[in-house]
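Me: I am new to this structure and would like a close look at one part of it. Please take a single helix and describe what surrounds it.

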Amino acid sequence: MLNQTSVTEFLLLGVTDIQELQPFLFVVFLTIYFANVAGNGAILMIVISDPRLHSPMYFFLGNLSCLDICYSTVTLPKMLENFLSTHKAISFVGCLSQLHFFHFLGSTEAMLLAVMALDRFVAICKPLRYTVIMNHQRCTQMAGTVWVIGFFHALLHSIMTSHLNFCGSNQIHHFFCDIKPLLELACGNIELNQWLLNTVTGTIGMGPFFLTLLSYFYIIIYLAFKMLSCSMLHRALSTCASHFMVVILFYAPAVFTYMHPVSGSSMEQDRVIAIIYTVVTPVLNPLIYTLRNKEVRMALIRMIRRKL
């Protein structure tokens, strides 16, 4: 059950309080959101419809595109609504729901990126056994596992946050409901919530990150000791380049946000950085994969030709 609290709704102060900027920002973020849905939606469609892309790497890429669409949809529509509204309220239950789905999808994406790195490790270092190790059943199990772990990780935060008392200000200095801004408003002891944020979320985030780095370390060592031709070496590294760029874009801002203590002075910084990983990164992912991946580009061209 939700804790008894005098706060029934929160006010999202948003990206800026300058009224003149808000119509312009509405157009900018609406354009970005449409580009995100169109780009990731196109990748999802071609991965499903093109038989040539029915392989583990593209199966996980389809999951990533689905996550990116959902991830932005958790925060952007409410942000866009608040740009045009004078009453920027969100209900207590709505705030907890937004927090839950934000952390559910974010932690799932962190773990999925590690699974994608593991897939590249097997493809490059154990090519003869790749189809046996990364069979369809195992890929489905791995993808399902990261979705389930992400859901229960977010549920833990949602339950713990719902038991906090909010008896003072209801103004959230952010454009969506996140744990750190809510802890700023909570009355009473927040040490357990802070510990969960640092320990559990830190483990969920940094564990996959180190697994990703370990996979790439072994790939580099393997390629260094294999006397490959330049063309073979380039092809092996190019399959990893897109994924590694996505990993950096995802982790760099997220680590900065969640690895330093809660303080009022950091909230302005957190809002700017949050725009990077909730708005910018999801829209860049399809660009990275289509520009650097010839198979995805060709599949996209084939799909466009079929539609014409």
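Reply: What follows describes helix 5 and its surroundings. The model is a predicted one.

Helix 5 covers residues 136-162. Its 27 residues reach 39 Å from the first C-alpha to the last, close to the 39 Å expected at 1.5 Å a residue.

The buried residues of this helix are Cys 139, Met 142, Ala 143, Val 146, Gly 150, His 153, Ala 154, His 157, Ser 158, Thr 161 and Ser 162. The elements that cover these buried residues include helix 2, helix 3, helix 6 (179-185) and helix 7 (191-225).

Take the partner helix 3 next. Two packed helices are described by the angle between their axes and by the distance between those axes. For helix 3 (residues 92-125) and helix 5, the angle is about 150 degrees and the axes are 8 Å apart. The crossing of helix 3 with helix 5 is right-handed. In this contact there are 16 nonpolar residues, 10 polar residues and no charged ones.

One residue of helix 3 shows the contact in detail: His 100. His 100 counts as buried because its relative accessible area is 8%, and the cut-off for buried is under 20%. Not counting residues up to four places away in sequence, His 100 touches Phe 151, Ala 154, Leu 155 and Ser 158. Ala 154 and Ser 158 are also among the buried residues of helix 5.

Met 134 comes shortly before the start of helix 5 in the numbering. Leaving aside neighbours within four places in sequence, Met 134 is in contact with Pro 56, Phe 60, Asp 119, Val 122, Cys 139 and Met 142. Cys 139 and Met 142 are buried residues of helix 5.

Met 134 also has a place in the largest nonpolar core, which has 56 residues. Phe 29, Phe 60, Leu 64, Leu 113 and Met 134 touch the most other members of that core. Helix 2 (residues 56-83) gives the most to this core, with 12 residues. A second, separate core has 18 residues, including Cys 95, Cys 177, Ile 179 and Leu 183.

Beyond helix 5, Ile 172 lies in strand 3 (residues 171-172). Ile 172 counts as buried because its relative accessibility is 0%. Apart from neighbours within four places in sequence, the contacts of Ile 172 include Cys 95, Cys 177, Pro 181, Leu 182 and Leu 185. Between Ile 172 and Leu 185 there are 7.7 Å from C-alpha to C-alpha, and the two are 13 residues apart in sequence.

Notes:
Residues are numbered from 1 along each chain as its sequence is written. This is a predicted model: local features need pLDDT of at least 70, side-chain atom pairs count only at pLDDT 80 or more; totals for chains, interfaces and linings use all residues. Side-chain values use heavy atoms; hydrogens and water are left out. Axes are lines fitted to C-alpha atoms, for helices over the stretch in contact, and angles run from 0 to 180 degrees between N-to-C directions. Helices (H or I, at least four residues) and strands (E, at least two) are DSSP runs, numbered from the N terminus. A crossing is left-handed if the near helix is turned anticlockwise from the far one by less than a right angle, and right-handed if clockwise. Ala, Val, Leu, Ile, Met, Phe, Trp, Tyr, Cys and Pro count as nonpolar, Asp, Glu, Lys and Arg as charged, and the others, Gly among them, as polar. A nonpolar core is a set of buried Ala, Val, Leu, Ile, Met, Phe, Trp, Tyr and Cys residues joined through side-chain atoms within 4.5 Å. Buried means under 20% relative accessible area, exposed over 50%, partly exposed in between (1.4 Å probe, protein chains only). Contact means heavy atoms within 4.5 Å. The expected span of a helix is 1.5 Å times one less than its number of residues.
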